[in-house]
Amino acid sequence: MRVIIIGLGQTGTMLADMASKEGHDVIVVDSRRELIDKVTDLYSVSGVCGNGATKATLLKAGADTADVVIAMTPVDEVNLMISIIAKSCGAIYTAARVHLPEISCEEEYLKEEFKLDCIINSRMETALEIARLLKLPGSVKADAFFGEDAAMLKIIVTKENKLADAPVKNVRARFNGNILIGCLIRDGKLIVPDGRFTLKENDVIDAVVASGEIEKIMVELGASRRTVKKVMVIGGGTTGMYLAKELTAAGKLVTMIENSPERCRYLSEQIPKAIVSYADGTDTEEFLKEKISGNDAVVALTGEDEKNLVTSLFAWSHGVGRVITKVNTSSYEGLLNKANIQLTISPATISTDRFLSFIKNVAVYNDEGNDIQGLYQIADGKAEAIEFIVYDNFVKKNVAIGAKEFTLKKDVMIAVIIRDGRFIIPDEKSMIRPGDHVVVIARANNGLNTINQIFR
């Protein structure tokens, strides 16, 4: 497909790279020549320098013959305008990234009135992801959530949690079959293990676990059982506001730290149940005054990675049980991990996953609906967990997974079947039925757009 991406911020650049590796013809548009030159040199994409909100630039990029146009400039209104103009030029599908709540609440109207196909609020998605993380026990990192039914947890293999030197099949038996190790990273390399594979200390595994079993399993592996009741959110931007609303609605006690007095007044009006304090995001004296150590969790959400890094290290040093840090630079994530702060979140990665899922869904037309419910990058971006929806056109109906004709492509694994809200780790006798949701783990850039493409 021809995919046009307008706006070369971090998300736009990441999406251009991933979409091109999926085999699409990608054209990037930005008004900054240096960014166009950089991205076209690094990745297999074409570039057009110009204002992506003008018809002339969109036609120069090929919007009249484009399959997908995605607008992700920093301005919501511009993204909507680009999508409308691209549609009028002849683009088949259009998508826009938005941030503002007053625009997000008009999503259905905008889709219907202006024929937009996809609107993604990346800051809302980030807030929801953080809220889900705060429901997990201890400092447990989840790389993916599959509705309310299952999650993919990142677990470091140690002698203390008794996973080191254990065969994968023994791990499943230890937890009564309620966990499946989908993939792991060892010495920087991705491995999709079978039951005979033996885990080693410092392996980083991604394991699918039923939501109802997460606390039991992770407590046995050494995680704290303590429930999050008090949360400090540092940074009162849009993401912080979305998160505070979500947490207060769930009955959590929320303190927000924001360095703009006008924004503080606005937040106090919007979230009356939250305590809003005026202070700088790196003011350690204010943190002590606000009794940062008395919180069950601290979430650093300022607009600067450096401030989030300092804040997180300070919270960790004062014994806060759960610290979640927003990062946009991978080197900072590594630094935090070395300090044993494992809970980092990247809005760019979350946004890229959502847009890539959209691209995959429109790549193969299905009049029954979307083939992909959700897509997540896992294992440091080396693999993907894709939640497929199974329709009547499934080519292996009534065929057991262990049957000879049920042959998967290399480095593809069926991790779990979700059927009527039930979590099923499949065995050789299991069959996939229409209506099931099936989580598949595969190497990144796999080109899988439907569940029928997982077979050889």
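**Close-up views of a predicted model**

**View 1. The buried glycine G7 in the loop that follows strand 1.** At 6% relative accessibility, G7 counts as buried. In this predicted model, G7 is found in the loop that lies between strand 1 (2-6) and helix 1 (10-21). When neighbours within four places in sequence are left aside, the residues in contact with G7 are G12, V29, D30 and M72. The C-alpha atom of R32, a residue 25 positions from G7 along the chain, is separated from that of G7 by 9.4 Å.

**View 2. Strand 22 and its antiparallel partners, strands 19 and 20.** Strand 22 (residues 437-443) has five of its seven residues buried, so this strand is largely enclosed by the rest of the structure. Strand 19 (residues 383-389) runs antiparallel to strand 22 and is joined to it by seven bridges, and within this pairing E384 stands opposite A442 of strand 22. Strand 20 also pairs with strand 22 in the antiparallel sense, over six bridges, and here M413 is the residue that stands opposite I441 of strand 22. As general background to such a view, the side chains in a regular strand alternate between the two faces of the sheet.

**View 3. R419 in strand 20 and its polar contact with D436.** R419 has its place in strand 20, which covers residues 412-419, and this arginine is buried, with a relative accessible area of 10%. A polar contact of 2.7 Å is made between the side chain of R419 and the side chain of D436. Residues up to four places away in sequence not being counted, R419 touches I424, M431, I432 and R433 as well as D436, so that D436 appears both among the residues touched and as the partner in the polar contact, while R419 itself falls under the 20% limit for a buried residue.

**View 4. The edge-to-face pair of F146 and Y376.** The structure holds five aromatic pairs. One of them is formed by F146 and Y376, whose rings lie 6.2 Å apart from centre to centre with 80 degrees between the planes, an edge-to-face arrangement. Because F146 lies in strand 7 (residues 141-146) and Y376 in strand 18 (residues 372-378), the pair ties together parts that are 230 residues apart in sequence. Both partners are buried: F146 has a relative accessibility of 1%, and Y376 has a relative accessible area of 9%.

**View 5. The tilted pair of F287 and F314.** The ring centres of F287 and F314 are 5.9 Å apart and their planes stand at 40 degrees, so the pair is tilted. This pair links distant parts of the chain, with F287 in helix 12 (residues 284-289) and F314 in helix 13 (residues 305-317), 27 residues apart. F287 counts as buried at 1% relative accessibility, and F314 is likewise buried, with a relative accessible area of 15%.

**View 6. The ring cluster of F394, F406 and F455, with the charged end of K396.** Ring pairs link F394, F406 and F455 into a cluster. One member of this cluster, F455, also has a charged group over its ring, since the charged end of K396 sits there at 5.3 Å from the ring centre.

Key
Residues numbered from 1 in each chain as written. Predicted model: local features only at pLDDT ≥ 70, side-chain atom pairs only at ≥ 80, totals over all residues. Heavy atoms only, no water. Helix = DSSP H or I, 4+ residues; strand = E, 2+ residues; numbered from the N terminus. Buried < 20%, exposed > 50% of the residue type's maximum accessible area, 1.4 Å probe, protein only. Polar contact = N/O pair within 3.5 Å; in protein donor to acceptor, adjacent residues only side chain to side chain. Contact = heavy atoms within 4.5 Å. Pairing = 2+ DSSP bridges. Phe/Tyr/Trp six-rings, centres within 6.5 Å; stacked < 30°, edge-to-face > 60°. Lys NZ or Arg CZ within 6 Å of the ring centre and 35° of its normal.
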